[in-house]
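Work through these exercises with the sequence and the 3D view side by side. Try each task before you read its solution.

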Amino acid sequence: MAYYFSDVSRTFSEYLLIPGLTRKDCVPDNVSLKTPLLKFRKGEKSAIELSIPLVSSIMQAVSDHNMAIALARNGGLSFIFGSQSVEQQAEMVRKVKKFKAGFVLSDANLTPEHTLDDVVRVKKRTGHSTIGVTDDGSSNGRLLGIVTSRDYRVAKDSPNRRVRDFMTPFSNLIVGELGISLSEANEIIWTHKLNCLPIIDREQKLQYFVFRKDYEDHQENPNELLDANKKLMVGAGINTKDYRERVPALVEAGADVLCIDSSDGFSEWQQETIRYIKETYKGKVKVGGGNIVDTEGFLYLAEAGADFIKVGIGGGSICITREQKGIGRGQATAMIEVAAARDKYFSETGVYIPLCCDGGIVHDYHMVLALAMGADFLMMGRYFARMDESPTRKLKIGNNYVKEYWGEGSNRARNWQRYDMSETESNLKFEEGVDSYVPYAGKLKDNLNVTLSKIKSTMCSCGAKTVPELQQNARLTVVSSTSIVEGGAHDVILKETNI
């Protein structure tokens, strides 16, 4: 006879937090959002701690190298999507690891023989007004000069005028040598009143630009997630099909942590993949598993050796697994049960395995609920897909700007490898994700600042200054549909916001 769970499967919107005592020292500036990413033993610390409890989803429409750089600079982590060739994914990882805060790779470059018309086109394409002039027009060619908007007048100069005739030549440039620190580069910029400083190697080849405007930007990112070599940290998604080829390439490229991307992690395929990685790399390569929604799934992956475990099936905004297969569980209920299993496992073994809440988060306050219910960090797709740094196109539909957003289970993604059906499957028989749009939201940093402010403020209302303290002391209540209505604006006529 089939087994029936007696508890109702609930979502985050069915819960509210009950305020706790807010002490005088419990103010947002004193709240720490640091949280463990990887499992650790009692009395020890996690090998990687996130500065903020947010990671971006393993999705084509969300996590490329640009998102990874932006999120790591703000204290979170991206898992670069694996539904691409091994070579392409490894190259994205390398780009993140090569990034130096304040040292900018030039993607606007020309040769002296190009024209002013070319300059205008490059500026329009890249949005950058500083153009490196190299012998071959590449970002790493021999630097011969630079062009800025102060070097020409589009209204008066001929569009056929050669770059060599109006660029600032190398002989007139102040440059820095490769190996210089960011503080030393900024000192040169301020001493000589420069807007930018080209960084070259011994062969005069262009390596980076350091911009005056980036100095303040660097100062505004104190939570950067850095490895032992002061490089940004980055994760990468893998599947259970080609892991024997993909994992070595990602490790060689410098990936700090891996995560299996699967719609259902309670499988022998996933166990086999985790054990292969653990045995091959003697436990040095870290890998997360999932997704699961109950105690059995958690214990299965814990015993397999997962360094963290993702919770959630069918709760993503673009996921239709529940509609298509009738499989899944309300995200709140899943988190509560799995967190209890994790805590019991910790008590019995002394090993703490962080939980990642993946899906079901619609509003910012849902993030605090997920953390209070036992999640150590949150994986989100829709939230990050709306931002400038996601890899999808920004479009104008009607009077609104949107960005494209599609699920890894959609035909557009063609990510059949994430469904652990058999060795021979090579295409999707049916979709478990949709192709959609999300409202455009702007820069990641601006959105994060608002979201993190809300999280910290809510934690203060609960009397918690850390995520573990929130998990220990939070008080939650189930709400009725009527009280949900009561919680929003009601019985008033709202003013037009565009007046």
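**Exercise 1. The end of a helix**

Which residue with a positive phi follows α1?

Solution. Go to the end of α1. The helix is followed by Gly75. Phi of Gly75 is positive, near 100 degrees. Keep in mind that this is a predicted model.

**Exercise 2. The start and the cover of α1**

Find the residue that caps the N-terminal end of α1, then say how many of the helix residues are buried.

Solution.
- Step 1. Locate the helix: α1 covers residues 65-73.
- Step 2. Look at its N-terminal end. Asp64 is the cap. One of its side-chain oxygens lies 3.2 Å from the backbone nitrogen of Asn66.
- Step 3. Count the buried residues. The result is 8 of 9, so α1 is mostly covered.
- Step 4. Name them. The buried residues are His65, Met67, Ala68, Ile69, Ala70, Leu71, Ala72 and Arg73.

**Exercise 3. Check the length of α7**

Compare the expected span of α7 with the distance between its end C-alpha atoms.

Solution.
- Step 1. Take the number of residues: α7 has 13.
- Step 2. Use 1.5 Å a residue, times one less than the number of residues. The expected span of α7 is 18 Å.
- Step 3. Take the end C-alpha atoms of α7. They are 18 Å apart, which agrees.
- Step 4. See which residues are buried. In α7 these are Gln270, Gln271, Thr273, Ile274, Tyr276, Ile277 and Lys278.
- Step 5. Ask what covers them. The cover includes β14, α6, β15, β16 and α8.

**Exercise 4. Unusual backbone angles**

Describe the backbone at Lys282, at Gln204 and at the bond between Gly290 and Asn291.

Solution.
- Step 1. Start after α7, where Lys282 follows. Its phi is positive, about 55 degrees, although Lys282 is not a glycine. Lys282 sits in the loop between α7 and β16. With a relative accessible area of 70%, Lys282 is exposed.
- Step 2. Move to Gln204. Its phi is near 70 degrees, again a positive value in a residue other than glycine. Gln204 belongs to the loop between β12 (196-200) and β13 (206-211). At 16% relative accessibility, Gln204 is buried, because the cut-off is under 20%.
- Step 3. Turn to the peptide bond. Gly290 and Asn291 are joined in cis, with omega about 10 degrees. Asn291 is part of strand β16, residues 287-292.

**Exercise 5. Rings and charges**

Classify the pair of Phe103 and Tyr208, then find the rings under the charged end of Lys394.

Solution.
- Step 1. Start from the total: there are 12 aromatic pairs.
- Step 2. For Phe103 and Tyr208, the centres are 5.6 Å apart and the planes make 70 degrees. Planes over 60 degrees apart count as edge-to-face. So this pair is edge-to-face.
- Step 3. Place the partners. Phe103 is in the loop between α2 and β7, and Tyr208 is in strand β13, so the pair ties together parts 105 residues apart in sequence. Both residues are buried.
- Step 4. Look for a cluster. Ring pairs link Phe40, Phe346 and Tyr352.
- Step 5. Go to Lys394. Its charged end sits over the ring of Tyr401, 5.2 Å from the centre. The charged end of Lys394 also sits over the ring of Tyr440, at 4.4 Å.

**Exercise 6. Cysteines and buried neighbours**

How many disulfides are there? Then list the contacts of Thr130 and His366.

Solution.
- Step 1. The count of disulfides is 0. Cys356 is in none; the nearest cysteine sulfur, that of Cys259, is 7.0 Å away. The cut-off is 2.5 Å.
- Step 2. Check burial. Cys356 is buried at 0% relative accessible area. Cys196 is buried at 9% relative accessibility.
- Step 3. Cys196 leads to Thr130. Beyond four places in sequence, Thr130 is in contact with Ala108, Val147, Thr148, Cys196, Phe209 and Phe211. Thr130 lies in the loop between α3 and β8. At 13% relative accessibility, Thr130 is buried.
- Step 4. Finish with His366, in helix α11. His366 is buried, at 1% relative accessible area. Leaving out residues up to four places away in sequence, His366 touches Phe12, Ser13, Gly360 and Ile361.

Note on methods: Residues numbered from 1 in each chain as written. Predicted model: local features only at pLDDT ≥ 70, side-chain atom pairs only at ≥ 80, totals over all residues. Heavy atoms only, no water. Helix = DSSP H or I, 4+ residues; strand = E, 2+ residues; numbered from the N terminus. Buried < 20%, exposed > 50% of the residue type's maximum accessible area, 1.4 Å probe, protein only. Contact = heavy atoms within 4.5 Å. Polar contact = N/O pair within 3.5 Å; in protein donor to acceptor, adjacent residues only side chain to side chain. Phe/Tyr/Trp six-rings, centres within 6.5 Å; stacked < 30°, edge-to-face > 60°. Lys NZ or Arg CZ within 6 Å of the ring centre and 35° of its normal.
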